[in-house]
Amino acid sequence: MYMWTRAVPAALGALILAVALSGCGDSGTGNKDLSDSGAAATGDNASDGKTTYRLGEASPPQEHTMQKYKGSTFTVTPTKVETGTKADLEASGLQLDESDSSKVPVYVSATLTHKSGKAMAVGDLDDDLIVRTDKDERARSLIVLMGQAKWPNCPSADTEKQLSAGQSESICNVFLIPQGQKAAAVELTQGFTAAPLEWPVNN
């Protein structure tokens, strides 16, 4: 079974590659700016300068940056954040490389809502979500390339499902963070020029 992180280029050096990026590196524990794949916020709420939301509160409408979805908008609503255990990771069915063996999973439940424009695939609406830890490290969600991982209370989403305007889908994504750290916030990147939106996690 092969696993990969979203938008993370690297060499395939093991059967499973699970790379948790951090805010300013070029490795799983370094620091790197992850704002390069976000979407620009649009709509009335985007112009009021608000960037912090409560879990369960929807983002302002986001305009998709992919050309095939030009003009389409959607919202993201993180609803729940739970930290798993190393035992969860070991029981997931994934073979990890050494750099990920000391990490634990974080489960983020969210609702994606198509607001306007062309139908969009579920998997194209959640790839700008990031988990920030209390040590200011940032991790992108995991992608399983072959097979299927098993996580407690976090079923895999149908990433190919198409959502039309007015439709919503509940998803659960898995992030890996260093053991001993806590999930401090869920972030939604918004490109180079705008600050990310964030939903603080009350641990």
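**Exercise 1. Which residue does Arg 132 bridge to at 2.8 Å, and which strands does the pair link?**

Step 1: Arg 132 makes a salt bridge with Glu 198, their closest N and O atoms being 2.8 Å apart. A salt bridge here is a side-chain nitrogen of Lys or Arg within 4 Å of a carboxyl oxygen of Asp or Glu.

Step 2: Arg 132 sits in strand β6 and Glu 198 in strand β12, 66 residues apart. Strands are DSSP runs (E, at least two residues), numbered from the N terminus.

Step 3: Both Arg 132 and Glu 198 are buried, meaning under 20% relative accessible area with a 1.4 Å probe, protein chains only.

Before going on: this is a predicted model, where local features need pLDDT of at least 70, side-chain atom pairs count only at pLDDT 80 or more, and totals for chains, interfaces and linings use all residues. Residues are numbered from 1 along each chain as its sequence is written, and side-chain values use heavy atoms, leaving out hydrogens and water.

**Exercise 2. Work out which residues share a salt-bridge network with Glu 187.**

Step 1: Glu 187 pairs with Arg 132, at 3.0 Å between the closest N and O atoms. Glu 187 lies in β11 and Arg 132 in β6, so the pair ties together parts 55 residues apart in sequence.

Step 2: Arg 138 also meets Glu 187 in a salt bridge (2.9 Å, N to O). Arg 138 is in β7, so this pair connects parts 49 residues apart.

Step 3: Put together, shared partners join Arg 132, Asp 136, Arg 138, Glu 187 and Glu 198 into one network.

Technical notes. Helix = DSSP H or I, 4+ residues; strand = E, 2+ residues; numbered from the N terminus. Buried < 20%, exposed > 50% of the residue type's maximum accessible area, 1.4 Å probe, protein only.
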